[in-house]
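Q: Could you walk me through the pockets in this structure? I'm new to this, so please start with what the word covers.

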Amino acid sequence: MSDDVMVLAEAVHKSFGRTEVLKGIDLSVRRGQVVCILGPSGSGKSTFLRCINHLEKINAGRLSVDGQLVGYTERGGRLHECKDSEIAAQRREIGMVFQQFNLFPHMTALENVCLAPIKVRGLSGADARKRGGELLTQVGLSDRMDSYPSQLSGGQQQRVAIARALAMDPKLMLFDEPTSALDPELVGDVLDVMKDLARSGMTMVVVTHEIGFAREVGDDLVFMDDGVIVEQGDPREVLANPRNERTKQFLSKVL
Amino acid sequence: MTSDSASTDVAKGAPEAIKAIPVRHPGRWVAMAVIAVLVAMFVHMLITNPQFHWSFIWDNLFTPPVLAGARTTILLTVGAMVVGVVLGIIAAVMRLSPNRVLSTVAFLYTWFFRAVPRLLLCVMFGTAGILYQHLTLGFPFDKQLGDLFGLNVDSTILTVDMNTLLSGFMAGLLALGLSEGAYMAEIVRAGILSVGDGQAEAATALGMSRGLTMRRVVLPQAMRVIVPPTGNEVIAMLKDTSLVAYVPYAELFFNYEAIGSRTFQIFPALIGALLWYLAMSSVLLVIQYFVEKRFSRGRTVTGTGIRLAFLNRGKPSTVGGADV
């Protein structure tokens, strides 16, 4: 396994009860790469993303982040389940942004950003607030630090959510349809923040329907359907000349 | 353009306010008249019926036994609610734990104490002193284990006389607190379940532990659902402390009954107790309103706040709305 690989998935399977959602996903994401995952709803793309930080447990295959198996340790040729505290330690290194933002409604924007750095990383309140202020400025919300989520628009909430994830200094960022719940005119601001982040060298896995974003900043595009990857390659190439029939069908509907 | 220029001008500025004839509501006036008559009859009865002995009620309203009883009632209410809330949170978190043993224990606890009447619990705790003379704290089964190995073991750390420990006050406090914990567990559980899964998920994704997620993210939000029924529980508890009279222990109701039977003014004594409970409950209602407001921080104030909205007249009813 090369040092260069941030996420490595090998034959990842996941079932909910009898329904098999992931039917063998092989994917490698290199450090600094932006991988966009496209596909119809129900294709398993969000589930795969949630497996990467162990919000979902995989049933078969291997999945590692930065050379470390997710949720397991391997000792003497056998897998041992990680303790909750060990899994939490792994998740600290992986930021996640949700479709529904999931900001903590009882805290201001700044408090949302500072909670985990203070309580989990052990930062002092002053240091956390300083860093939180910088991050909120970076996402263009320097004037909304003391607003509660209910006082912010969807786009602003999602940018706070991105700042909250970045406050843990993650080495990998996961985006689960970050713009799907937003009004069309608010999508641009969020995508701009994500583009800046991509250009700064952050490793990102983005489940999205934003074809333009994939074309502009994606290094790799993955098209998923029915629990498998059906096509993968350079986004400009795949979007212009899709080879797989299902990719063609999907793109003809969304483009 | 000439003929309708006047109306266009009006349309450009503010249009004239509507002056319509309002709908008549004769039913409201009839209802008001009927109720006014009934209220007048009731007040007349209160004043003219000599059995009330208003002067007796007034003279006894602030006598030492009454004040001592009221103080005990307040202490019992606060104490039993503290015990109840703490037990309730523990039981609710246990109930939702993935550990089956913990969730079963929590279920059995809530089942037992919700199934047994408080009055029975109060009387039983009052007489529980007959079960044990002393309460000893030490290693479990120390004597039995010692006998097994032929040793004379005594690991007793602390011995308390049961009759001292379960004095009337403690017996009442435990009976009400344990019972309350079972009800609070259900309220807290409902509150925790009302918080969306996404919240715990976001906290988990940030690397926060289960306990931290519960304390900092889920419970503070659950409070919005927990606080209103808890306010009702406090008011219900204030009234249920009267059951402690049967432990027996001298709280407000006990002392008023004593006054009544000593002076043969039984009914006026009950009216005195009624006035005290009425006054104390009313104070709690006002406190409940402000506490609810505090816990709705970051949300718009709706529903539960409306009942006492007059306290907040003239202030905006929302903490803040979306402004973009």
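A: A pocket here is an open set of grid points with protein on both sides within 12 Å along at least five of seven lines, and its lining residues are those with an atom within 4 Å of a point. Please keep in mind that this is a predicted model.

Q: Okay, so which residues lie nearest the centre of the second largest pocket?

A: Those are B:Val227, B:Thr230, B:Gly231, B:Val234 and B:Val291, which belong to a lining of 17 residues. The elements that give two or more residues to this lining are helix 4, helix 9, helix 11 and helix 13 (266-295) of chain B.

Q: Which helix gives the largest share there?

A: Helix 11 of chain B does, with 7 residues of the lining of the second largest pocket.

Q: And how do the residues of that lining divide into nonpolar, polar and charged?

A: The lining of the second largest pocket has 14 nonpolar and 3 polar residues, with no charged ones, and the volume of this pocket is about 410 Å³.

Q: Switching over, what is the volume of the largest pocket?

A: The largest pocket has a volume of about 990 Å³, and its lining is made up of 34 residues, with B:Ala200, B:Thr204, B:Ser209, B:Arg210 and B:Thr213 nearest the centre.

Q: Which helices supply at least two residues each to that lining?

A: Chain A contributes through helix 2 (84-92), while chain B does so through helix 4 (64-95), helix 9 (168-194), helix 10 (197-205) and helix 11 (210-240). Helix 11 of chain B supplies the largest share, 7 residues.

Q: How many residues of the largest pocket's lining are charged?

A: There are 9 charged residues in that lining, alongside 17 nonpolar and 8 polar ones.

Conventions:
Residues are numbered from 1 along each chain as its sequence is written. Chains are lettered from A and ligands numbered from 1 in the order in which they are written. This is a predicted model: local features need pLDDT of at least 70, side-chain atom pairs count only at pLDDT 80 or more; totals for chains, interfaces and linings use all residues. Side-chain values use heavy atoms; hydrogens and water are left out. On a 1 Å grid over the protein atoms alone, a cavity is a set of points where a 1.4 Å probe fits but cannot get out, and a pocket is an open set with protein on both sides within 12 Å along at least five of seven lines; lining residues have an atom within 4 Å of a point. Grid points are joined across faces, edges and corners, and a volume is the space filled by probe spheres set on the points. Helices (H or I, at least four residues) and strands (E, at least two) are DSSP runs, numbered from the N terminus. Ala, Val, Leu, Ile, Met, Phe, Trp, Tyr, Cys and Pro count as nonpolar, Asp, Glu, Lys and Arg as charged, and the others, Gly among them, as polar.
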